[in-house]
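Biologist: Could you pick one part of this protein and take me through it slowly? I'm new to this, so plain words would help.

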Amino acid sequence: NVQNSIAKMASPICGGAKISFERVAEGQVALNLRVEVPAVDLKELLLTLTEVHGHEDLPKGYGDVSASPKSDRFPTFDPFEQIEDEIEFERPGTELALQEMDVPNEEETVALHDPKPCEVSAASVKVLRRHSSWVNGVAWAADQENKENEKIVTGSSNHTACIWKPSGNTQWKAIKTLRAGSTDGFRALAWSPDCSRLVAAGMDHEALVYNVSGPEHRQWEASGILRGHGDILRAVSWSPCGRKVLTGGDDKTARIWKASRMDPLCWEQVAILNGHCDSVRAVAWRPDPDKVRTQNRVVIATGLADSTIVLWQSHVAPHDRRSFEVFATLSGHSGAIRSLDWAWDGTQLASGSTDATTRIWHCDGWQEVAKLEVGTCAGVKAVAWSPDGRKLATGGADAILRVWTRGDLHQWNLAAELTGHQSAIRALCWSPDGGKVLTGSADRTARIWRVDGR
């Protein structure tokens, strides 16, 4: 009971840890909690830990497995990126999924956790097991003419990305494994709007652009390298037209890339967004279907480790898409921004942060119009709007997929909490039809969840 109680409390904080006990005296036990993180995240961890002062007692009710730690007593940093062979933490009553790469994907039925009536129907999940490391990025490509040509890509830290396609009505099969990724694997993935190319950010300073062709999309050619960032590359995003790529990294810059006119296989850097005060952890290119709100200007959002969101726009000069200026800074979060996503019409921006909240910002004055939270200290690492803009999916350190539905501009309802992952959700996206959500986790699996509205 004691171990389960401590493990239950550690889960939202760490997402994974080694917990051991040592009897030090009669009636006294020493608890050792060991968390291993990559060196690149050590600075962030130390900065967060210094914000926790004193040695206060555990919150009241710590012995109750159902008790949740209060966010003001624990750091919101999530050191879920442990060394692969050291992951021993298990969610109480479950088994940690560490399957080998050759294990086929499977289907399992799960129940909604505290479902809200008339919001989201019961869900089933397809578990995609091909990776032997954390699944850092996921992306779902559409085919409007033939749904059987839909494809999913999942990228992990172990040098591989897997491409999946439907196999029958309910199953998915891996049709190709990319092993020519960057030095240490894949950190973020994004399909181009026409789904003919994929940009994949590595665990280092570079990103690769792949061209996809051939029967069943089996031919993948690394057609370009985006090289220029001076530190770790964190996020990628395509322009709505599909001709440019936006990247952000720890060198405190965001950069825009475009295929060369002379050689389409050669990508060149066309703009640098300088002036950020901290690492750029998330980027998003604003869609504008009618080209009216932005007056034909390009609008870009960057999320920083210092908790702010910076909005950039191209200069007024006609056809000047290489010079950008800051026109708004959004403040409200108290933790690093980990994810950004625009609604389909570009009127609203969603942001997820390590402060355990998701916030909605509206283009009318760029004010915060809604704050989504559930009372835990688990950071939000991934957010995504449904294609119709009526639902929002969020995932984070507590390994729970949450689906929110919009009542009005200021009111959002928690429609479902879906459990199944055994460690932090690191990435998620919606299916093109809006009926499913694809998640990638530090438990080395990806999962497909059905979240149809009734």
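Modeller: Let's start with the whole chain, then zoom in on one hairpin, and finish with a sheet further along. Keep in mind that this is a predicted model. The protein chain has 454 residues, and 56% of them count as buried. Its secondary structure comes to 2 helices and 31 strands. If you take the contacts with a separation of 6 or more, 51% of them are between residues 24 or more positions apart.

Now for the close look, at strand E13, which covers residues 233-238. Is E13 enclosed or open? Here you count residues: 6 of the 6 in E13 are buried, meaning under 20% relative accessible area, so the strand is largely enclosed by the rest of the structure. Its partner is strand E14, residues 244-249, and the two run antiparallel, joined by 5 bridges. To see one of those pairings, find Ala235 in E13: its bridge partner in E14 is Gly248. Between the two strands of this hairpin sit 5 residues, and there Gly242 takes a positive phi near 80°. In general, strands of a sheet pair through backbone hydrogen bonds, either parallel or antiparallel.

You can follow the antiparallel idea in another place, too. Four strands form an open sheet in the order E25-E26-E27-E28, with antiparallel pairing. The edges are E25 (380-385) and E28 (412-418), each pairing on one side only. From one strand to the next, the twist averages 25°. Inside that order, E26 (residues 391-396) and E27 (residues 401-406) pair over 4 bridges, and Lys391 stands opposite Thr405 in E27.

Technical notes:
Residues are numbered from 1 along each chain as its sequence is written. This is a predicted model: local features need pLDDT of at least 70, side-chain atom pairs count only at pLDDT 80 or more; totals for chains, interfaces and linings use all residues. Side-chain values use heavy atoms; hydrogens and water are left out. Buried means under 20% relative accessible area, exposed over 50%, partly exposed in between (1.4 Å probe, protein chains only). Two strands pair if DSSP finds at least two bridges between them. Axes are lines fitted to C-alpha atoms, for helices over the stretch in contact, and angles run from 0 to 180 degrees between N-to-C directions. Contact means heavy atoms within 4.5 Å.
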